[in-house]
Amino acid sequence: MVDLAGPLLDSLLLGSLYTIMALGLTITYKVTKIPNFAHAEFVTVGSYAGIVAVNVWGRGLAEALLLAVAASAGTALLADELVFKPLFRRAATSLHLLVASIGVGLVVRYVLSILASAAGILSAKSDLLATTLVSVGPGANLTTLHLWIPAATASAVVALHVLFTRTRIGKGMRAMASNFDLARVSGIPTARVRRITWILAGGLAGVAGTFWSVYAPTDPEVGWRALLWTFAASILGGFVSVSGTIAGGYIVGASESFGITILNSEFGISASYKPMIALVIIVAVFLIRPTGFAGLTVRDVLDGLRKFPGRTVARVKSLFASRG
Amino acid sequence: MADLLFLYTSIATLFGIYAILALSFNLEYGYAGQPNLGKVFFFSIGAYVAGILVAHGTAALTGYTGDLFTAQAANARLLYAAANPGTILSFFIGALALAGLVGAGFGVLASYPALRLRGDFLAIVLIAVGEVGRVFVRVYTPLAGGNIGIGGVPSPFVFLGDREARVAFSVLVLLLALGTFLFASRLSNSPLGRLLKSVRDDELASNVFGKRTPWVKAQILAVGSGIAAIAGVLWAFWFQTVAADDFIPQLTFLVVAMVLLGGAGNHRGVLVGAITMTVLDHVTRPSFYAILGFEANLAFDINYLRYILIGLMIILILMFRPGGLLPEKPVRTPALDIARALRRPAPAADTLQAERTQPP
């Protein structure tokens, strides 16, 4: 029997991080309909901002978070104003927006690489250390990081809930998500709501980035590596459901840490195969239920289990069926 | 004096390989509307087919049982190639054929998600497939040497001598690129090409007209992926190594930038895009400055500039010229020319009439 205390702590921590990142991704997709690959770079920007605040300027966690949120939100806002909004105005397809977000991501990532090389922090780890509170077993320590990150996620979730249900801006976001034209003719200031959406998504990415820099070494690809998992979490939420995204984040975090521990100890599979799990999740969700958890009921689950094998066979058959 | 032959052959060969890749992406995306952003995955399949065939093939022929992925093994392969040029040439031809088939097979598999997903979600899945494929090969070492990769894939024209082999290989790649261009042009002006456009523009309508759109998608992804795998073989035999980290997603984005720059749905435009991006690709590589004989002394890795340029190029094209430099043109078929030719005499008859009715 493997020791599961370590994976449990890891999945709490990773799940919270993926949830924060995936929430930003989901919100921007909902409001602006962009599958935003540049979200990875917003996280990386936050990560480096945290390192600059802590390692270079010698500040604490609070200042690091503040700087990271400002930097990431600024990057997100700039990307929207310069690229996404003009494209949206000329009614670009969502595929063009996706490709544009990849372009934005490349530019941000490598400009950041150049800046980081110049500053000599291309590959760095935050000087801020997580102190161990309780040691549960070999390699399984409950650190302050395990308290900060879930707390940050929980407060983000509560804040988002209040925003979406109690404030005009949040309700405006929901209106824009369900019908943009109707929202605009109803007098919702769409340009302002859109700007706030980007600031919000960038800010969440900045928080996640700062915690990444404390949790693991930072390099320009840190966001890109996490992006696959972030997309998996968002896709589990169907890219629209906030509660589905939260569930998705923790499922992804748990399957990463538990999945690889179990595969490693039971089947001797190397831990480096980790990204395969994210891919399996993405492909499985798209093939079984492209809307993810959004609008899922218990009845749907039971129906799906009953009909799934037959349906899959029928689908494969239809591919190779003769014309008729 | 710097050896400019090295530079010319390098630009020509990479242009050929990128052009083949971009043409295959244009068939899938520009014509059929299937954004295969996992292009690098199908490309790497070709490279690995070539590398594995050469590494395991020469080992089987020479009875070598040690580690295939060390520098000594790579050197031994190059020596073996010099001694048996015929074997290597047949390996090369075999790899081209096999890679085409294997790539096409994986392309058919990729069409399964394409049945159910819209453009942008399909793109997400295929990017993930490409990235995970790279991770898998890097970790799973027995097949292809993981991160170190397969070294010592010899040039198929090793019997010609070093410089001549480079030139011969460049010419071959350019010829293959020309062949791909002609093939793609023929394909896209055929009934299948028009069917592809109909699937792209309105899948429901082509379904209504009795076209089996799933099968069309499977076909075009098979053709595109097969072509991409052939480009991968050429890459392996040109660089003489196959390493997992050559196949990063940025390579796909480079190809996307070529197609968008030139104009999706226009093969000539894609060639223009390919040559532009090949030159950009070259001037941002350290080897370019090494050939010219001076050292680029920068505080950062010059490769970063390349990716910034690719990203900027993608953004600027989408914002200011979404159709590309040479936008898509109406379909040209013989039927259209015949119709024009038939219509032309009509005004002539009118003038004849007018002359006749004039009083003498």
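Analyst: In this predicted model, a helix is a DSSP run of H or I with at least four residues, numbered from the N terminus. Gln240(B) is found in the loop between H10 and H11 of chain B.

User: Why is Gln240(B) called partly exposed?

Analyst: Around Gln240(B), 17 other C-beta atoms lie within 10 Å. A buried residue needs 20 or more and an exposed one has 12 or fewer, so Gln240(B) is classed as partly exposed.

User: What makes the phi of Gln240(B) worth a remark?

Analyst: Its phi is positive, about 65°, although Gln240(B) is not a glycine. Most residues other than glycine have a negative phi.

User: Which residue of chain A has a positive phi although it is not a glycine, and where does it lie?

Analyst: That description fits Phe239(A), with a phi of about 65°. Phe239(A) lies in the loop between H9 and helix H10 (242-267) of chain A.

User: How do you know whether Phe239(A) is buried or exposed?

Analyst: Phe239(A) has 25 other C-beta atoms within 10 Å. The cut-off for a buried residue is 20 or more, and Phe239(A) is therefore buried.

User: Why does Trp212(A) count as buried?

Analyst: Trp212(A), found in helix H8 (residues 190-215) of chain A, has 25 C-beta neighbours inside 10 Å. Because 20 or more are required, Trp212(A) counts as buried. Apart from neighbours within four places in sequence, its contacts are Leu17(A), Val43(A), Ser47(A), Thr218(A) and Val222(A). As for Ser234(A), the two residues are 22 residues apart in sequence, and their C-alpha atoms are 19 Å apart in space.

User: What makes H1(B) roughly antiparallel to H10(B)?

Analyst: The axes of helix H1 (residues 4-31) and helix H10 (residues 213-239) of chain B come within 8 Å and cross at roughly 170°. Angles over 145 degrees count as roughly antiparallel, so this pair receives that label. H1(B) passes H10(B) in a left-handed crossing.

User: Which residues make the contact of H1(B) with H10(B), and how do they divide by class?

Analyst: H1(B) contributes residues including Thr13(B), Ile17(B), Ile20(B) and Leu21(B), while H10(B) contributes, among them, Gly224(B), Ile227(B), Trp235(B) and Trp238(B). The residues of this contact comprise 15 nonpolar, 3 polar and 1 charged.

User: How do you know that the length of H12(B) agrees with its number of residues?

Analyst: For the 17 residues of helix H12 (residues 267-283) of chain B, the expected span is 24 Å at 1.5 Å a residue. The end C-alpha atoms of H12(B) are 25 Å apart, so the two values agree. Its buried residues, including His267(B), Val270(B), Leu271(B), Met277(B) and Asp281(B), pack against H1, helix H7 (162-188), helix H11 (249-262) and helix H14 (303-320) of chain B.

User: What does chain B contain in helices and strands, and how much of it is buried?

Analyst: Chain B has 16 helices and 0 strands. Of its 360 residues, 47% are buried. Its C-alpha trace spans about 95 × 50 × 45 Å along its principal axes.

User: Why is H2(A) said to be mostly covered, and how does its end-to-end distance agree with its residue count?

Analyst: Of the 18 residues of H2(A), 16 are buried. Those 18 residues should span 26 Å at 1.5 Å a residue, and the end C-alpha atoms are 25 Å apart, so the values agree. Just after H2(A), Gly58(A) takes a positive phi of about 65°.

User: How do H2(A) and H3(A) pack?

Analyst: Helix H2 (residues 39-56) of chain A and H3(A) pack at an angle of about 145°, with axes 8 Å apart. H2(A) passes H3(A) in a right-handed crossing. The residues in contact include Phe42(A), Val45(A) and Gly46(A) of H2(A), and Leu67(A), Ala68(A) and Ala71(A) of H3(A). By class they divide into 10 nonpolar, 4 polar and 1 charged.

User: How many residues bring chain A into contact with chain B, and which element gives the largest share of that side of chain A?

Analyst: In chain A, 38 residues are in contact with 36 residues of chain B. H4(A) supplies the largest share of the chain A side, 17 residues. That side has 29 nonpolar, 8 polar and 1 charged residues.

Conventions
Residues are numbered from 1 along each chain as its sequence is written. Chains are lettered from A and ligands numbered from 1 in the order in which they are written. This is a predicted model: local features need pLDDT of at least 70, side-chain atom pairs count only at pLDDT 80 or more; totals for chains, interfaces and linings use all residues. Two residues are in contact if their C-beta atoms, placed from the backbone, lie within 7 Å. Helices (H or I, at least four residues) and strands (E, at least two) are DSSP runs, numbered from the N terminus. Ala, Val, Leu, Ile, Met, Phe, Trp, Tyr, Cys and Pro count as nonpolar, Asp, Glu, Lys and Arg as charged, and the others, Gly among them, as polar. Axes are lines fitted to C-alpha atoms, for helices over the stretch in contact, and angles run from 0 to 180 degrees between N-to-C directions. Angles under 35 degrees count as roughly parallel, over 145 as roughly antiparallel, 65 to 115 as roughly perpendicular and the rest as oblique. A crossing is left-handed if the near helix is turned anticlockwise from the far one by less than a right angle, and right-handed if clockwise. The expected span of a helix is 1.5 Å times one less than its number of residues.
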